[in-house]
Amino acid sequence: MGRLVAIVGRPNVGKSTLFNRLTQTRTAIVDDTAGTTRDRQYGKVDWCGKEFSIVDTGGWVVNSEDIFESEINKQVHVAIEEADVIMFVVDATNGVTDLDDHVAEILRRSTKPVILVANKVDTNDWIYNIADFYALGLGEPFPVSASNGHGTGDLLDEVVKDL
Ligand code: GDP
Ligand code: MG
């Protein structure tokens with residue numbers, strides 16, 4: 001299968017939109033309601049002649065905080081298990097949330113490389129917000145807009161740099 005990149009993060013940060021943007025499909029289900037991606041969705045990305053696979057995670061049903069958090073734990077652990085690289089997506093318009101912290105803690109304990117993606121940077125007005133995400137302890141956040149494609153070229157360069 002080659003390199004597999006898993007997109008993880010709390011609901012509504014734009015994982016499915018990013019998946020669609022990177023694979024240039026409309027396969028992943030994007031919705032304003034948190035947790036709409038029903039299952040794991042696999043796709044392929046070709047960037048400058050370098051290919052990798054990508055998986056959009058989600059599929060949790062939000063009933064209670066407990067189920068919610070345990071579903072996120074499950075998705076992140078599956079991602080750590082199966083993927084070669086983790087793309088951890090956060091929402092630059094929202095700042096760091098408790099769930100972001102929770103996911104970051106799991107990822108910091110794994111040995112898999114993590115690329116921190118600060119999504120929804122549609123314009124440079126949001127660029128100053130991304131400094132907060134250094135506190136997650138996962139390195140430099142990559143500012144992108146999954147909606148309009150801003151910054152996704154630099155992100156893809158990072159994913160394939162050692163391929
Ligand atoms: P997921 O739950 O993490 O898969 O998030 P979705 O991809 O379903 O997106 C959740 C919401 O965020 C939708 O309303 C998207 O249109 C919106 N969204 C996703 N990416 C961006 C972005 O780059 N900029 C803006 N402004 N909205 C975005
Ligand atoms: Mg989704």
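Select helix 3, residues 98–109, in this predicted model. Helix 3 lies across strand 1 (4–8), strand 4 and strand 5. Compare directions: helix 3 runs at about 165° to strand 4.

Next, select strand 4, residues 85–91, and strand 5, residues 114–119. These two strands run parallel, and 6 bridges join them. For one of these links, pick Ile86: its bridge partner in strand 5 is Val114.

Now show the whole sheet. It is open and has 6 strands, in the order 2-3-1-4-5-6. The pairing is mixed. Go to the edges: strand 2 (41–47) and strand 6 (142–143) each have a single partner strand, so one side of each has no neighbour in the sheet.

Return to Ile86 and look around this residue. Leaving aside neighbours within four places in sequence, Ile86 is in contact with Ala6, Val8, Ala79, Ile80, Leu107, Lys112 and Val114.

Which residues have the most contacts inside the largest nonpolar core? They are Ile86, Phe88 and Val117, in a core of 35 residues. Color the elements that give two or more residues to this core: strand 1, helix 1 (15–23), strand 3 (50–56), helix 2 (65–82), strand 4, helix 3, strand 5 and helix 4 (152–160). Strand 4 gives the largest share, 5 residues. In soluble globular proteins, nonpolar side chains tend to be buried together.

Finally, zoom out to the full chain. It holds 4 helices and 6 strands. Trace them from the N terminus: β-α-β-β-α-β-α-β-β-α. Of the 163 residues, 35% are buried. Among contacts between residues at least 6 apart in sequence, 65% join residues at least 24 apart.

Technical notes. Residues are numbered from 1 along each chain as its sequence is written. Chains are lettered from A and ligands numbered from 1 in the order in which they are written. This is a predicted model: local features need pLDDT of at least 70, side-chain atom pairs count only at pLDDT 80 or more; totals for chains, interfaces and linings use all residues. Two strands pair if DSSP finds at least two bridges between them. Two residues are in contact if their C-beta atoms, placed from the backbone, lie within 7 Å. Axes are lines fitted to C-alpha atoms, for helices over the stretch in contact, and angles run from 0 to 180 degrees between N-to-C directions. A nonpolar core is a set of buried Ala, Val, Leu, Ile, Met, Phe, Trp, Tyr and Cys residues joined through C-beta atoms within 7 Å. A residue is buried if 20 or more other C-beta atoms lie within 10 Å of its own, exposed if 12 or fewer, and partly exposed in between; C-beta atoms are placed from the backbone.
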